[in-house]
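Reader: I am new to reading structures. Please show me one, and explain the terms as we go.

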Amino acid sequence: MLLLASACKDEEPPPADETETTYWQHVAPIFFNSCVGCHTEGGIAPFRLDNYEDARTWAQASAAAVAARTMPPWLMTSDGSCGDFRNSPALTQEQIDTIAAWADADAPEGEPRDDLEPMALPTLESGLDLQTPDFVPEAQGGPLAAFDEYRCFLLEPGLDRDQFITGYEITAGNPKLVHHVIAMPIDLDAESWVGDGSTNREVIEKLDGESPDRIGWPCFSSAGDGVAAPQQPVTWAPGMGAVKYPEGTGVRLRESDVVVVQVHYNLHDGPGNTESDSTQVRLRLADEVEREGVFMLVDLFIDSMFSEKPDSIAPGQADARYEWEVAIGEWLTADLGLDRLEVHGMFPHMHERGTKWRASLVTDTDEQCIGDVQRWDFGWQFYYFYDQLPIIDKNSRLKVTCQYDTRADKEPITPGWGTQNEMCLAGLFVVPPK
(Lines give C-alpha, C1' and ligand atoms only; values in the text may rest on other atoms or scores of the structure.)
Protein backbone atom coordinates (compact mmCIF):
# COMPACT_ATOMS: atom_id res chain seq x y z
CA MET A 1 0.00 0.00 0.00
CA LEU A 2 1.12 3.61 -0.58
CA LEU A 3 2.01 5.23 2.73
CA LEU A 4 0.83 8.80 3.29
CA ALA A 5 3.42 11.35 4.31
CA SER A 6 2.78 13.01 7.64
CA ALA A 7 0.86 16.26 7.57
CA CYS A 8 2.81 17.59 10.54
CA LYS A 9 5.00 20.56 9.57
CA ASP A 10 7.82 19.57 11.89
CA GLU A 11 8.23 16.08 10.38
CA GLU A 12 10.33 15.34 7.34
CA PRO A 13 8.60 13.35 4.57
CA PRO A 14 9.78 9.76 4.40
CA PRO A 15 12.38 8.83 1.78
CA ALA A 16 10.92 8.11 -1.64
CA ASP A 17 11.79 4.43 -1.52
CA GLU A 18 9.61 3.99 1.57
CA THR A 19 6.55 5.29 -0.26
CA GLU A 20 7.09 3.27 -3.42
CA THR A 21 5.06 0.11 -3.96
CA THR A 22 7.39 -2.42 -5.60
CA TYR A 23 7.10 -5.91 -7.04
CA TRP A 24 9.50 -7.70 -4.71
CA GLN A 25 8.61 -5.96 -1.47
CA HIS A 26 4.83 -5.65 -1.82
CA VAL A 27 3.31 -7.45 -4.81
CA ALA A 28 5.36 -10.64 -5.09
CA PRO A 29 4.29 -11.89 -1.63
CA ILE A 30 0.64 -11.60 -2.76
CA PHE A 31 1.33 -13.32 -6.08
CA PHE A 32 3.32 -16.16 -4.50
CA ASN A 33 0.62 -16.79 -1.93
CA SER A 34 -2.39 -16.57 -4.24
CA CYS A 35 -1.43 -16.72 -7.93
CA VAL A 36 1.82 -18.57 -8.61
CA GLY A 37 0.19 -22.00 -8.28
CA CYS A 38 -1.15 -21.39 -11.82
CA HIS A 39 0.98 -18.49 -13.07
CA THR A 40 4.32 -20.29 -13.23
CA GLU A 41 6.38 -22.17 -15.77
CA GLY A 42 4.32 -25.17 -16.91
CA GLY A 43 1.18 -23.93 -15.12
CA ILE A 44 -2.33 -23.74 -16.50
CA ALA A 45 -2.16 -19.94 -16.81
CA PRO A 46 -0.86 -18.46 -20.08
CA PHE A 47 1.76 -16.24 -18.40
CA ARG A 48 3.99 -16.17 -15.33
CA LEU A 49 3.86 -13.94 -12.27
CA ASP A 50 6.75 -15.51 -10.31
CA ASN A 51 9.45 -13.25 -11.77
CA TYR A 52 9.67 -9.51 -12.21
CA GLU A 53 10.07 -9.36 -15.99
CA ASP A 54 6.88 -11.30 -16.75
CA ALA A 55 4.94 -9.72 -13.90
CA ARG A 56 5.79 -6.21 -15.13
CA THR A 57 4.54 -7.07 -18.62
CA TRP A 58 1.20 -8.18 -17.15
CA ALA A 59 0.95 -5.56 -14.40
CA GLN A 60 -2.06 -3.65 -15.76
CA ALA A 61 -3.88 -6.83 -16.78
CA SER A 62 -3.28 -8.31 -13.32
CA ALA A 63 -4.52 -5.17 -11.60
CA ALA A 64 -7.67 -5.18 -13.74
CA ALA A 65 -8.34 -8.89 -13.09
CA VAL A 66 -8.03 -8.65 -9.31
CA ALA A 67 -10.06 -5.43 -9.21
CA ALA A 68 -12.87 -7.20 -11.08
CA ARG A 69 -12.39 -10.16 -8.70
CA THR A 70 -12.12 -12.58 -11.61
CA MET A 71 -8.71 -13.61 -10.24
CA PRO A 72 -7.84 -15.57 -8.20
CA PRO A 73 -10.70 -17.73 -9.46
CA TRP A 74 -13.28 -17.87 -6.67
CA LEU A 75 -16.80 -17.09 -7.74
CA MET A 76 -18.65 -16.92 -4.42
CA THR A 77 -19.08 -13.62 -2.62
CA SER A 78 -16.88 -14.08 0.46
CA ASP A 79 -17.32 -10.92 2.50
CA GLY A 80 -19.66 -12.56 5.02
CA SER A 81 -22.80 -11.04 3.51
CA CYS A 82 -23.98 -14.30 1.95
CA GLY A 83 -22.50 -17.40 3.53
CA ASP A 84 -19.22 -17.87 5.38
CA PHE A 85 -16.86 -20.09 3.36
CA ARG A 86 -13.62 -21.74 4.31
CA ASN A 87 -10.31 -21.56 2.38
CA SER A 88 -11.30 -18.64 0.17
CA PRO A 89 -8.36 -17.42 -1.96
CA ALA A 90 -10.16 -14.13 -2.61
CA LEU A 91 -7.87 -11.15 -2.10
CA THR A 92 -8.57 -8.46 0.47
CA GLN A 93 -9.30 -4.94 -0.72
CA GLU A 94 -5.92 -3.88 0.67
CA GLN A 95 -4.15 -6.47 -1.48
CA ILE A 96 -6.12 -5.39 -4.56
CA ASP A 97 -5.21 -1.76 -3.88
CA THR A 98 -1.54 -2.71 -3.50
CA ILE A 99 -1.44 -4.36 -6.92
CA ALA A 100 -3.24 -1.37 -8.46
CA ALA A 101 -0.80 1.10 -6.88
CA TRP A 102 2.15 -0.88 -8.21
CA ALA A 103 0.73 -1.09 -11.74
CA ASP A 104 -0.17 2.62 -11.77
CA ALA A 105 3.40 3.52 -10.72
CA ASP A 106 4.76 1.77 -13.83
CA ALA A 107 5.46 -1.45 -11.90
CA PRO A 108 8.81 -0.72 -10.17
CA GLU A 109 10.93 -3.76 -9.33
CA GLY A 110 12.27 -3.07 -5.85
CA GLU A 111 15.07 -5.05 -4.23
CA PRO A 112 15.21 -8.62 -5.62
CA ARG A 113 14.75 -11.42 -3.09
CA ASP A 114 14.92 -15.22 -3.16
CA ASP A 115 13.06 -16.10 0.03
CA LEU A 116 9.57 -16.41 -1.47
CA GLU A 117 7.95 -19.78 -2.03
CA PRO A 118 4.48 -20.56 -3.39
CA MET A 119 1.98 -21.31 -0.64
CA ALA A 120 2.15 -24.99 0.30
CA LEU A 121 -1.09 -26.76 -0.57
CA PRO A 122 -2.63 -29.45 1.68
CA THR A 123 -1.96 -33.04 0.63
CA LEU A 124 -3.17 -36.58 1.33
CA GLU A 125 -0.48 -39.06 2.28
CA SER A 126 -2.41 -42.06 0.95
CA GLY A 127 -5.66 -43.16 -0.64
CA LEU A 128 -7.20 -45.08 -3.51
CA ASP A 129 -5.40 -43.85 -6.62
CA LEU A 130 -7.31 -43.81 -9.92
CA GLN A 131 -5.49 -42.77 -13.08
CA THR A 132 -7.04 -41.37 -16.23
CA PRO A 133 -5.59 -42.86 -19.44
CA ASP A 134 -2.83 -41.11 -21.34
CA PHE A 135 -4.81 -38.76 -23.55
CA VAL A 136 -4.01 -36.08 -26.13
CA PRO A 137 -6.75 -33.43 -25.99
CA GLU A 138 -7.99 -31.58 -29.06
CA ALA A 139 -9.81 -28.26 -29.10
CA GLN A 140 -13.44 -28.98 -29.89
CA GLY A 141 -13.92 -25.70 -31.72
CA GLY A 142 -16.86 -23.36 -31.91
CA PRO A 143 -17.56 -20.31 -29.78
CA LEU A 144 -18.00 -22.35 -26.57
CA ALA A 145 -14.84 -24.44 -26.81
CA ALA A 146 -12.44 -22.70 -29.17
CA PHE A 147 -9.44 -23.90 -27.14
CA ASP A 148 -11.04 -26.51 -24.87
CA GLU A 149 -11.98 -30.16 -24.61
CA TYR A 150 -14.16 -31.75 -21.92
CA ARG A 151 -13.50 -35.50 -21.79
CA CYS A 152 -14.90 -38.21 -19.53
CA PHE A 153 -13.17 -41.44 -18.58
CA LEU A 154 -14.65 -44.49 -16.82
CA LEU A 155 -12.44 -45.86 -14.04
CA GLU A 156 -13.00 -49.03 -12.01
CA PRO A 157 -12.27 -48.54 -8.29
CA GLY A 158 -12.24 -52.33 -7.71
CA LEU A 159 -13.90 -52.27 -4.29
CA ASP A 160 -14.95 -55.47 -2.52
CA ARG A 161 -17.36 -53.61 -0.19
CA ASP A 162 -19.03 -50.24 0.18
CA GLN A 163 -16.72 -47.51 1.46
CA PHE A 164 -16.94 -43.78 2.15
CA ILE A 165 -15.12 -40.95 0.43
CA THR A 166 -13.86 -38.57 3.14
CA GLY A 167 -11.56 -36.42 0.99
CA TYR A 168 -9.66 -36.28 -2.26
CA GLU A 169 -6.60 -34.92 -4.01
CA ILE A 170 -6.07 -34.36 -7.73
CA THR A 171 -2.62 -34.44 -9.32
CA ALA A 172 -2.68 -33.16 -12.87
CA GLY A 173 -0.31 -35.10 -15.10
CA ASN A 174 0.15 -32.07 -17.34
CA PRO A 175 -0.67 -28.97 -15.27
CA LYS A 176 -0.59 -26.60 -18.22
CA LEU A 177 -3.48 -28.50 -19.85
CA VAL A 178 -5.76 -29.49 -16.95
CA HIS A 179 -8.20 -26.70 -16.14
CA HIS A 180 -10.54 -28.58 -13.78
CA VAL A 181 -11.54 -32.12 -12.78
CA ILE A 182 -14.85 -33.56 -11.55
CA ALA A 183 -15.23 -37.17 -10.37
CA MET A 184 -18.55 -38.93 -9.78
CA PRO A 185 -19.70 -42.37 -8.60
CA ILE A 186 -21.94 -43.82 -11.30
CA ASP A 187 -24.29 -46.80 -11.16
CA LEU A 188 -24.09 -48.17 -14.69
CA ASP A 189 -27.35 -50.10 -14.33
CA ALA A 190 -29.36 -47.13 -13.07
CA GLU A 191 -31.83 -45.40 -15.37
CA SER A 192 -30.24 -42.49 -17.21
CA TRP A 193 -31.59 -38.95 -17.38
CA VAL A 194 -32.34 -39.24 -21.10
CA GLY A 195 -35.95 -40.09 -20.31
CA ASP A 196 -36.40 -43.04 -22.66
CA GLY A 197 -35.72 -45.81 -20.14
CA SER A 198 -32.11 -46.32 -21.19
CA THR A 199 -29.47 -47.10 -18.56
CA ASN A 200 -26.32 -45.17 -17.81
CA ARG A 201 -24.34 -48.00 -19.38
CA GLU A 202 -26.27 -47.66 -22.64
CA VAL A 203 -25.91 -43.88 -22.74
CA ILE A 204 -22.17 -44.03 -22.03
CA GLU A 205 -21.67 -46.69 -24.70
CA LYS A 206 -23.46 -44.47 -27.20
CA LEU A 207 -21.44 -41.40 -26.26
CA ASP A 208 -18.22 -43.38 -26.35
CA GLY A 209 -19.10 -44.74 -29.78
CA GLU A 210 -19.23 -41.25 -31.27
CA SER A 211 -15.41 -41.09 -31.25
CA PRO A 212 -14.25 -44.73 -31.53
CA ASP A 213 -10.67 -43.76 -32.33
CA ARG A 214 -10.25 -41.74 -29.09
CA ILE A 215 -10.37 -42.77 -25.44
CA GLY A 216 -13.40 -41.66 -23.41
CA TRP A 217 -16.31 -39.51 -24.56
CA PRO A 218 -17.20 -35.79 -24.79
CA CYS A 219 -18.93 -34.41 -21.69
CA PHE A 220 -19.54 -30.69 -21.37
CA SER A 221 -22.03 -31.46 -18.63
CA SER A 222 -21.12 -33.61 -15.65
CA ALA A 223 -20.66 -37.23 -16.80
CA GLY A 224 -22.04 -36.58 -20.29
CA ASP A 225 -25.38 -35.67 -21.81
CA GLY A 226 -28.07 -37.72 -20.11
CA VAL A 227 -25.85 -39.76 -17.76
CA ALA A 228 -27.48 -39.87 -14.31
CA ALA A 229 -24.84 -38.46 -11.97
CA PRO A 230 -26.69 -37.59 -8.75
CA GLN A 231 -23.52 -36.85 -6.77
CA GLN A 232 -20.35 -34.92 -7.57
CA PRO A 233 -18.21 -35.46 -4.47
CA VAL A 234 -14.96 -34.47 -6.22
CA THR A 235 -14.60 -31.04 -7.83
CA TRP A 236 -11.13 -29.60 -8.36
CA ALA A 237 -9.41 -26.65 -9.99
CA PRO A 238 -5.71 -25.66 -9.91
CA GLY A 239 -4.53 -24.25 -6.61
CA MET A 240 -6.97 -26.21 -4.42
CA GLY A 241 -4.70 -28.90 -3.01
CA ALA A 242 -6.28 -31.78 -1.10
CA VAL A 243 -9.89 -31.41 0.05
CA LYS A 244 -10.88 -33.00 3.34
CA TYR A 245 -14.55 -33.34 4.24
CA PRO A 246 -15.66 -32.16 7.68
CA GLU A 247 -14.51 -34.50 10.42
CA GLY A 248 -16.63 -37.62 10.74
CA THR A 249 -18.47 -37.17 7.43
CA GLY A 250 -18.25 -39.03 4.16
CA VAL A 251 -20.05 -40.00 0.95
CA ARG A 252 -20.81 -43.62 0.11
CA LEU A 253 -18.98 -45.25 -2.80
CA ARG A 254 -20.78 -48.52 -3.45
CA GLU A 255 -18.98 -51.72 -4.28
CA SER A 256 -20.77 -51.81 -7.65
CA ASP A 257 -20.10 -48.16 -8.60
CA VAL A 258 -17.67 -47.02 -11.24
CA VAL A 259 -16.07 -43.58 -11.09
CA VAL A 260 -16.46 -41.27 -14.06
CA VAL A 261 -13.83 -38.53 -14.23
CA GLN A 262 -14.46 -35.40 -16.27
CA VAL A 263 -11.31 -33.49 -17.23
CA HIS A 264 -11.55 -30.02 -18.73
CA TYR A 265 -8.49 -29.48 -20.90
CA ASN A 266 -7.64 -25.89 -21.79
CA LEU A 267 -5.34 -25.51 -24.78
CA HIS A 268 -4.61 -21.85 -24.27
CA ASP A 269 -1.86 -21.87 -26.92
CA GLY A 270 -4.47 -22.72 -29.55
CA PRO A 271 -5.50 -25.81 -31.54
CA GLY A 272 -3.05 -28.44 -32.59
CA ASN A 273 -1.85 -29.65 -29.21
CA THR A 274 0.31 -32.77 -29.31
CA GLU A 275 1.01 -33.12 -25.59
CA SER A 276 -0.77 -35.71 -23.47
CA ASP A 277 -2.09 -35.89 -19.94
CA SER A 278 -2.75 -38.65 -17.42
CA THR A 279 -4.26 -37.25 -14.22
CA GLN A 280 -4.42 -38.97 -10.83
CA VAL A 281 -7.53 -38.89 -8.63
CA ARG A 282 -6.73 -39.90 -5.05
CA LEU A 283 -9.73 -40.77 -2.91
CA ARG A 284 -9.40 -40.93 0.86
CA LEU A 285 -11.67 -43.82 1.90
CA ALA A 286 -13.01 -45.05 5.21
CA ASP A 287 -14.90 -48.23 6.07
CA GLU A 288 -17.40 -46.22 8.07
CA VAL A 289 -18.15 -42.63 9.08
CA GLU A 290 -20.12 -41.08 11.93
CA ARG A 291 -22.41 -39.23 9.52
CA GLU A 292 -23.08 -40.14 5.89
CA GLY A 293 -23.50 -37.02 3.82
CA VAL A 294 -25.11 -36.61 0.42
CA PHE A 295 -23.96 -34.47 -2.50
CA MET A 296 -27.25 -33.65 -4.16
CA LEU A 297 -28.10 -31.71 -7.33
CA VAL A 298 -31.33 -29.66 -7.44
CA ASP A 299 -32.50 -27.91 -10.61
CA LEU A 300 -36.20 -27.28 -11.23
CA PHE A 301 -35.37 -25.84 -14.66
CA ILE A 302 -33.94 -29.24 -15.67
CA ASP A 303 -36.86 -31.00 -13.98
CA SER A 304 -39.25 -29.12 -16.26
CA MET A 305 -37.85 -31.15 -19.17
CA PHE A 306 -40.03 -34.01 -18.00
CA SER A 307 -43.23 -31.98 -17.93
CA GLU A 308 -45.71 -31.62 -20.78
CA LYS A 309 -44.41 -28.12 -21.52
CA PRO A 310 -40.77 -27.53 -20.42
CA ASP A 311 -39.79 -24.10 -19.17
CA SER A 312 -37.52 -21.86 -21.23
CA ILE A 313 -35.40 -18.72 -20.94
CA ALA A 314 -36.28 -15.70 -23.05
CA PRO A 315 -33.87 -14.88 -25.91
CA GLY A 316 -32.49 -11.47 -26.84
CA GLN A 317 -32.05 -10.13 -23.29
CA ALA A 318 -29.03 -8.81 -21.43
CA ASP A 319 -30.55 -9.95 -18.13
CA ALA A 320 -32.88 -12.89 -18.64
CA ARG A 321 -33.85 -14.60 -15.39
CA TYR A 322 -35.08 -17.94 -14.17
CA GLU A 323 -36.06 -18.47 -10.52
CA TRP A 324 -37.28 -21.54 -8.73
CA GLU A 325 -38.22 -22.42 -5.18
CA VAL A 326 -38.69 -25.85 -3.63
CA ALA A 327 -39.76 -27.05 -0.16
CA ILE A 328 -36.39 -28.65 0.40
CA GLY A 329 -36.94 -29.07 4.12
CA GLU A 330 -40.04 -31.22 3.63
CA TRP A 331 -38.32 -33.12 0.85
CA LEU A 332 -35.07 -33.93 2.65
CA THR A 333 -36.45 -34.47 6.12
CA ALA A 334 -39.10 -36.83 4.72
CA ASP A 335 -36.53 -38.79 2.69
CA LEU A 336 -34.00 -39.03 5.53
CA GLY A 337 -36.36 -39.08 8.51
CA LEU A 338 -34.67 -36.07 10.13
CA ASP A 339 -35.99 -32.72 11.35
CA ARG A 340 -32.77 -30.81 10.61
CA LEU A 341 -29.82 -31.05 8.23
CA GLU A 342 -26.54 -29.16 8.07
CA VAL A 343 -25.43 -27.69 4.75
CA HIS A 344 -21.67 -28.23 4.51
CA GLY A 345 -21.12 -27.33 0.86
CA MET A 346 -22.58 -25.52 -2.12
CA PHE A 347 -22.02 -26.01 -5.87
CA PRO A 348 -23.47 -23.38 -8.24
CA HIS A 349 -23.87 -24.35 -11.88
CA MET A 350 -25.05 -22.80 -15.13
CA HIS A 351 -23.69 -22.93 -18.67
CA GLU A 352 -22.08 -20.33 -20.92
CA ARG A 353 -24.92 -17.78 -20.90
CA GLY A 354 -24.91 -17.49 -17.10
CA THR A 355 -23.97 -14.16 -15.52
CA LYS A 356 -25.18 -14.26 -11.90
CA TRP A 357 -26.43 -16.91 -9.46
CA ARG A 358 -27.93 -16.66 -5.97
CA ALA A 359 -29.30 -19.17 -3.47
CA SER A 360 -31.29 -18.56 -0.27
CA LEU A 361 -32.99 -20.58 2.43
CA VAL A 362 -36.47 -19.14 2.92
CA THR A 363 -39.09 -19.54 5.62
CA ASP A 364 -42.37 -17.70 6.16
CA THR A 365 -40.56 -15.08 8.24
CA ASP A 366 -36.96 -15.01 7.01
CA GLU A 367 -34.68 -15.29 3.97
CA GLN A 368 -31.04 -16.31 4.50
CA CYS A 369 -28.64 -15.88 1.60
CA ILE A 370 -26.34 -18.90 1.44
CA GLY A 371 -24.57 -18.36 -1.88
CA ASP A 372 -24.02 -15.43 -4.25
CA VAL A 373 -22.10 -15.36 -7.54
CA GLN A 374 -21.85 -11.94 -9.15
CA ARG A 375 -19.57 -12.94 -12.05
CA TRP A 376 -20.35 -16.46 -13.24
CA ASP A 377 -17.56 -18.15 -15.19
CA PHE A 378 -18.29 -21.57 -16.67
CA GLY A 379 -14.55 -22.25 -16.82
CA TRP A 380 -14.07 -22.19 -13.02
CA GLN A 381 -16.31 -24.56 -11.11
CA PHE A 382 -15.77 -25.33 -7.43
CA TYR A 383 -17.56 -26.89 -4.49
CA TYR A 384 -17.62 -24.24 -1.77
CA PHE A 385 -17.47 -25.50 1.83
CA TYR A 386 -18.87 -23.49 4.72
CA ASP A 387 -17.26 -22.34 7.94
CA GLN A 388 -20.63 -21.39 9.43
CA LEU A 389 -23.16 -24.08 8.50
CA PRO A 390 -26.61 -23.12 7.18
CA ILE A 391 -29.35 -25.29 8.65
CA ILE A 392 -32.25 -26.84 6.76
CA ASP A 393 -35.30 -27.67 8.85
CA LYS A 394 -38.70 -28.96 7.81
CA ASN A 395 -39.93 -25.41 7.12
CA SER A 396 -37.01 -24.43 4.87
CA ARG A 397 -37.48 -23.67 1.20
CA LEU A 398 -34.56 -23.37 -1.22
CA LYS A 399 -34.78 -20.45 -3.65
CA VAL A 400 -32.35 -20.12 -6.56
CA THR A 401 -32.18 -17.22 -9.01
CA CYS A 402 -30.13 -17.51 -12.21
CA GLN A 403 -29.39 -14.66 -14.59
CA TYR A 404 -28.32 -15.04 -18.24
CA ASP A 405 -27.15 -12.98 -21.18
CA THR A 406 -29.23 -14.26 -24.11
CA ARG A 407 -28.67 -11.39 -26.55
CA ALA A 408 -27.02 -13.75 -29.06
CA ASP A 409 -30.04 -16.08 -29.10
CA LYS A 410 -33.00 -15.82 -31.44
CA GLU A 411 -35.04 -18.69 -29.98
CA PRO A 412 -36.00 -19.51 -26.36
CA ILE A 413 -33.32 -21.47 -24.51
CA THR A 414 -34.46 -24.86 -23.27
CA PRO A 415 -33.17 -26.85 -20.29
CA GLY A 416 -30.62 -29.59 -20.88
CA TRP A 417 -27.15 -30.92 -20.13
CA GLY A 418 -25.48 -29.73 -23.32
CA THR A 419 -23.90 -26.29 -23.56
CA GLN A 420 -26.44 -25.30 -26.22
CA ASN A 421 -29.02 -25.66 -23.43
CA GLU A 422 -28.97 -24.11 -19.96
CA MET A 423 -29.17 -25.12 -16.32
CA CYS A 424 -30.02 -23.36 -13.04
CA LEU A 425 -28.58 -25.78 -10.53
CA ALA A 426 -27.70 -25.80 -6.85
CA GLY A 427 -25.53 -28.62 -5.59
CA LEU A 428 -25.67 -29.19 -1.84
CA PHE A 429 -23.54 -31.29 0.48
CA VAL A 430 -25.96 -32.04 3.31
CA VAL A 431 -25.11 -33.93 6.50
CA PRO A 432 -27.26 -35.07 9.44
CA PRO A 433 -26.50 -33.07 12.59
CA LYS A 434 -24.57 -34.67 15.44
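Author: We will talk about salt bridges and burial. This is a predicted model, where local features need pLDDT of at least 70, side-chain atom pairs count only at pLDDT 80 or more, and totals for chains, interfaces and linings use all residues. Residues are numbered from 1 along each chain as its sequence is written, and side-chain values use heavy atoms, with hydrogens and water left out.

Reader: Why is the contact of R151 with E149 called a salt bridge?

Author: A salt bridge is a side-chain nitrogen of Lys or Arg within 4 Å of a carboxyl oxygen of Asp or Glu. The closest N and O atoms of R151 and E149 are 3.4 Å apart, so the pair fits the definition. A search of the whole structure finds 23 salt bridges.

Reader: What makes R151 count as buried?

Author: Buried means under 20% relative accessible area, exposed means over 50%, and partly exposed lies in between (1.4 Å probe, protein chains only). R151 has 2%, so R151 is buried. E149 is also at 2% and counts as buried.

Reader: How do you know that E325 and R397 form a salt bridge?

Author: Their N to O distance is 2.5 Å. E325 lies in strand β14 (residues 320-326) and R397 in strand β20 (residues 397-404), so the pair ties together parts 72 residues apart in sequence. Strands are DSSP runs (E, at least two residues), numbered from the N terminus.

Reader: Why is E325 called partly exposed?

Author: Its relative accessibility is 36%, so E325 falls in the partly exposed range. R397, at 23%, is partly exposed too.

How values were computed
Helix = DSSP H or I, 4+ residues; strand = E, 2+ residues; numbered from the N terminus.
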